[in-house]
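User: Please take a close look at one part of this model, the helix and what it packs against, and then follow the connections outward into the rest of the chain. A connected account would be preferred to a list.

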Amino acid sequence: MQRIVAGIDTIKQHLEAIKQTPEAYRPPCCPHCGLKILWQHGHYERKADRRAGQGSLNPVPICRYCCPGCRRTCSRLPACIEPLV
């Protein structure tokens with residue numbers, strides 16, 4: 001599953017997309033069991049920029065989705081936030 005939502009290149013775009021089109025973040029299927037029905041399950045907060053002194057837009061909300069099949073949660077990140085390695 002592609003965990004990055006393309007086309008959202010700035011934190012400002014991400015915050016606007018969360019308000020207007022949160023469905024853009026819905027994964028096409030559960031990465032754990034493959035079920036294609038995911039329920040929005042709130043959000044969690046994540047640091048957008050881990051560099052020192054860049055905390056003005058931290059933390060940002062990330063939509064979370066729950067799979068009714070395996071009961072695990074998953075999410076997708078905007079392109080402006082790099083996943084943890």
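Analyst: The buried residues of H1 pack against E3 and against strand E5 (77–78). In this predicted model, helix H1 spans residues 11–20, and its buried positions are Ile11, His14, Ala17 and Ile18. These four cover an arc of only 120 degrees around the axis, which puts them on the same side of H1. An α-helix has 3.6 residues a turn, so residues three or four places apart point the same way. On the other side of H1, Lys12, Lys19 and Gln20 are exposed. The helix thus has a buried side, formed by Ile11, His14, Ala17 and Ile18, and a side with exposed residues, among them Lys12.

One of the two elements that receive this buried side is E3, a strand of residues 60–66. Of the 7 residues of E3, 6 are buried, so the strand is largely enclosed by the rest of the structure. Part of its surroundings is a sheet: 3 strands form an open sheet in the order E2-E3-E4, with antiparallel pairing. Strand E2 (39–46) and strand E4 (73–74) stand at the edges, each with a single partner strand, so one side of each is left without a neighbour in the sheet. E3 therefore lies between E2 and E4 in the strand order, while those two strands occupy the edges.

The two pairings of E3 can be described separately. With E2, the pairing is antiparallel and runs over 6 bridges. With E4, the pairing is again antiparallel and runs over 2 bridges. Tyr65 takes part in both: Tyr65 in E3 is the bridge partner of Gln40, and Cys74 in E4 is the bridge partner of Tyr65. The next residue of E3, Cys66, has Thr73 in E4 as its bridge partner.

The connection from E3 to E4 deserves attention as well. The two strands form a hairpin with 6 residues between them, and Arg71 in the turn has a positive phi of about 65 degrees. Pro68 is also found in this loop. Its relative accessible area is 25%, and Pro68 is therefore partly exposed. Leaving aside residues up to four places away in sequence, Pro68 touches Leu35, Ile37 and Trp39. The C-alpha atoms of Pro68 and Trp39 are 7.5 Å apart in space, although the two residues are 29 apart in sequence. Trp39 is the residue at which E2 (39–46) begins, and the loop after E3 thus has a contact with the start of the strand on the other edge of the sheet.

The cysteines raise a separate point. The structure holds 0 disulfides. Cys30 is in no disulfide, and the nearest cysteine sulfur, that of Cys70, is 3.7 Å away. Cys70 is likewise in no disulfide, with the sulfur of Cys30 as the nearest, at 3.7 Å. The cut-off for a disulfide is 2.5 Å between the sulfur atoms, so this pair does not qualify. The two residues differ in burial: Cys30 counts as buried, at 2% relative accessibility, whereas Cys70 counts as partly exposed, at 27%.

Between the helix and the sheet in sequence lies a charged pair. Glu23 forms a salt bridge with Arg26, the closest N and O atoms being 2.6 Å apart. The count of salt bridges comes to 1. Both partners are partly exposed, with relative accessible areas of 46% for Glu23 and 24% for Arg26.

These parts can now be placed in the whole chain. There are 1 helix and 5 strands, and from the N terminus on the elements run β-α-β-β-β-β. Of the 85 residues, 31% count as buried. Among contacts between residues at least 6 apart in sequence, 60% join residues at least 24 apart. The contact of Pro68 with Trp39, across a separation of 29 residues, belongs to that group.

As for confidence, the mean pLDDT of the chain is 86, and 84% of its residues reach 70 or more. Confidence is lowest in strand E1 (residues 4–5), at a mean of 88, and highest in E4, at 95. The edge strand that pairs with E3 over 2 bridges is thus the element with the highest confidence.

Terms used. Residues numbered from 1 in each chain as written. Predicted model: local features only at pLDDT ≥ 70, side-chain atom pairs only at ≥ 80, totals over all residues. Heavy atoms only, no water. Pairing = 2+ DSSP bridges. Buried < 20%, exposed > 50% of the residue type's maximum accessible area, 1.4 Å probe, protein only. Contact = heavy atoms within 4.5 Å. pLDDT = per-residue confidence, 0-100. Salt bridge = Lys/Arg side-chain N within 4 Å of Asp/Glu carboxyl O. Arc of directions from axis to C-beta.
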